[in-house]
Amino acid sequence: MEWLEAQAESYTATQSIAWLIDQMGALCKSLAFVNGQMAVAKKILNKKKVGAYNSLVCSSVANEIYFSAMLAKDYISAKVEQEQYDYDICERCSRTVLHTIEALRTCISALKEEAKVTNYQ
């Protein structure tokens, strides 16, 4: 995410179609990486949830204290807070990369149209 933020200003500071295409290549490579990390984060999150549910069920049975479904859900969410955060960051990063790729496509199209108009004059 920090890299995406740092790069954002450089996209508007150039008129080079070739450079923007290179940046899109780097973003596509980053998207593959981020989506892989998102899958890893989701797997870790789900494992952590299973462990937290098992712990809650065992504790409930041992202490003969039972929780409502909503309370159990909130408890599990609190127990997996860090893993959920990691997954959310991956998901937001993935969306940001996709939006940036779309924005660069628009910039490239605009620059191509501008070049056509300039050549006609």
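In this predicted model, Arg-95 and Glu-91 form a salt bridge, with their closest N and O atoms 3.8 Å apart. That distance counts because a salt bridge is defined here by a side-chain nitrogen of Lys or Arg lying within 4 Å of a carboxyl oxygen of Asp or Glu. Side chains of opposite charge can pair when their charged atoms come close.

Where do Arg-95 and Glu-91 lie with respect to one another along the chain? Both belong to helix H4, which covers residues 81-120, and they are four residues apart, so about one helical turn separates them. The surroundings of the two side chains can be described as well. Arg-95 is partly exposed, at 42% relative accessibility, and Glu-91 is also partly exposed, at 28%.

A further pair is found in helix H4, where Glu-102 and Arg-105 stand three residues apart. Their side chains meet in a salt bridge, with a distance of 2.7 Å from N to O. Because the two residues are three places apart in the helix, Glu-102 and Arg-105 are separated by about one helical turn. Glu-102 is partly exposed, with 42% relative accessibility, and Arg-105 likewise counts as partly exposed, its relative accessible area being 44%.

The next pair consists of Lys-116 and Glu-113, which form a salt bridge with the closest N and O atoms 3.4 Å apart. Helix H4 holds both residues, and the three-residue spacing between Lys-116 and Glu-113 amounts to about one turn of the helix. How accessible is Lys-116, buried or exposed or in between? Lys-116 is partly exposed, with a relative accessible area of 44%. Glu-113 is partly exposed too, at 44% relative accessibility. The count of salt bridges in the model comes to four, and the pairs described here are among them.

Helix H4 also contains Ser-94. Is Ser-94 buried or exposed? The relative accessible area of Ser-94 is 7%, and because buried means under 20%, Ser-94 is classed as buried. Which residues does Ser-94 touch, once its neighbours within four places in sequence are left aside? Ser-94 is then in contact with Leu-31, Val-34, Asn-35 and Met-38. Helix H4 therefore includes a buried residue, Ser-94, as well as partly exposed ones such as Arg-95.

How values were computed. Residues are numbered from 1 along each chain as its sequence is written. This is a predicted model: local features need pLDDT of at least 70, side-chain atom pairs count only at pLDDT 80 or more; totals for chains, interfaces and linings use all residues. Side-chain values use heavy atoms; hydrogens and water are left out. Buried means under 20% relative accessible area, exposed over 50%, partly exposed in between (1.4 Å probe, protein chains only). Contact means heavy atoms within 4.5 Å.
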